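Please look at the ligand site before reading on. My notes follow the structure.

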Amino acid sequence: MSIRIAISVLALALLPLAGPTSAQAEDSADKAKAVKDEGGKYLDADGNPTFKIENGTVDWYTFSGYRRYHSDCHVCHGQDGMGSTYAPALANSLKTIDYPTFLSIVAQGRKNTANGKENVMPAFGDNKNVYCYLDDLYVYLRARADGAAPRGRPPKHEDKPQAAKDAEKSCMGG
Ligand code: HEC
């Protein structure tokens with residue numbers, strides 16, 4: 001009995017030695033792993049959109065997200081999601097911000113007025129060029145946060161899936 005307690009206490013004490021950071025990194029890479037292919041859109045085990053990058057070829061959504069990001073977000077959030085003095089590095093933020101949180105921040109915007117600052121994240125909930133491509137943006141930034149997508153324009157990408165064409169058409173409203 002007392003030996004068992006001693007052993008579990010010992011095990012608990014040893015846990016941090018395994019390195020929480022490497023365990024976390026493994027965890028996030030694991031979580032982002034594509035386990036399902038829904039017609040060219042990849043999903044992780046929780047059913048959230050994710051990237052698939054093999055031998056430098058990125059999935060369509062990562063590529064599309066790269067383009068959308070650099071048309072609507074990079075002015076504040078910096079090239080390749082690296083951040084600026086005005087807005088945080090999303091290549092970092094997406095390590096902890098999950099899919100639903102991402103969607104709601106982008107749709108509703110946010111304002112930081114702490115320390116006499118006035119940094120504003122605009123609401124994009126009525127901007128079709130953004131909300132029709134929320135998954136693309138999320139997938140691209142997730143790939144950046146995971147270290148799977150290097151900086152710069154992805155040199156090779158999968159073809160645009162029919163599902164993406166259909167969704168775009170119905171969302172943009174022709
Ligand atoms: C006009 C500048 C501006 C633009 C354009 C902009 N953002 Fe932001 N964004 C900000 C600021 C400033 C913050 C930090 C707000 C705060 O601290 O509450 C922010 C915060 C965020 C956050 C939360 C980050 C965190 O670490 O908490 C996300 C996610 C985000 N933006 C996504 C986007 C996306 C995606 C786009 C493009 C569609 C975009 N932003 C375009 C200024 C901008």
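The points below cover the iron atom, the polar contacts and the shell around the ligand.

1. Status. This is a predicted model. Every distance and angle here is computed from it.

2. Iron donors. Which protein atoms donate to the iron atom of the ligand? They are NE2 of His77 and SD of Met121, lying 2.0 Å from the iron. This pair links distant parts of the chain. His77 belongs to helix H4 and Met121 to strand S7, 44 residues apart.

3. Geometry. The iron atom has 6 donor atoms around it. Their angles run from 87 to 178°, so the arrangement is octahedral. For reference, ideal angles for six octahedral donors are 90 or 180 degrees.

4. Polar contacts. A polar side-chain atom of Ser93 lies 2.6 Å from a ligand oxygen. For Arg110, a polar side-chain atom is 3.0 Å from an oxygen atom of the ligand. His77 has a polar side-chain atom 2.8 Å from a ligand nitrogen.

5. Pocket and shell. The ligand sits in the largest pocket. Helices H4 (74–77), H5 (90–93) and H6 (99–108) each give two or more residues to the shell, as do strands S6 (110–112) and S7 (119–121).

6. Composition. The ligand has 22 residues around it. Cys73, Cys76, His77, Ser93 and Met121 come nearest. By class, the shell holds 15 nonpolar, 4 polar and 3 charged residues.

Terms used:
Residues numbered from 1 in each chain as written. Predicted model: local features only at pLDDT ≥ 70, side-chain atom pairs only at ≥ 80, totals over all residues. Heavy atoms only, no water. Near = heavy atom within 4 Å. Polar contact = N/O pair within 3.5 Å; in protein donor to acceptor, adjacent residues only side chain to side chain. 1 Å grid on protein atoms, 1.4 Å probe; cavity = no way out; pocket = protein on both sides within 12 Å on 5 of 7 lines; lining within 4 Å. Sits in = over half its atoms within 2 Å of the grid points. Helix = DSSP H or I, 4+ residues; strand = E, 2+ residues; numbered from the N terminus. Nonpolar A, V, L, I, M, F, W, Y, C, P; charged D, E, K, R; others polar. Donors = N, O, S within 2.8 Å, 3.2 Å for Na, K, Ca; no water. Tetrahedral: all angles 85-135°; square planar, octahedral: opposite > 155°, others 65-115°.
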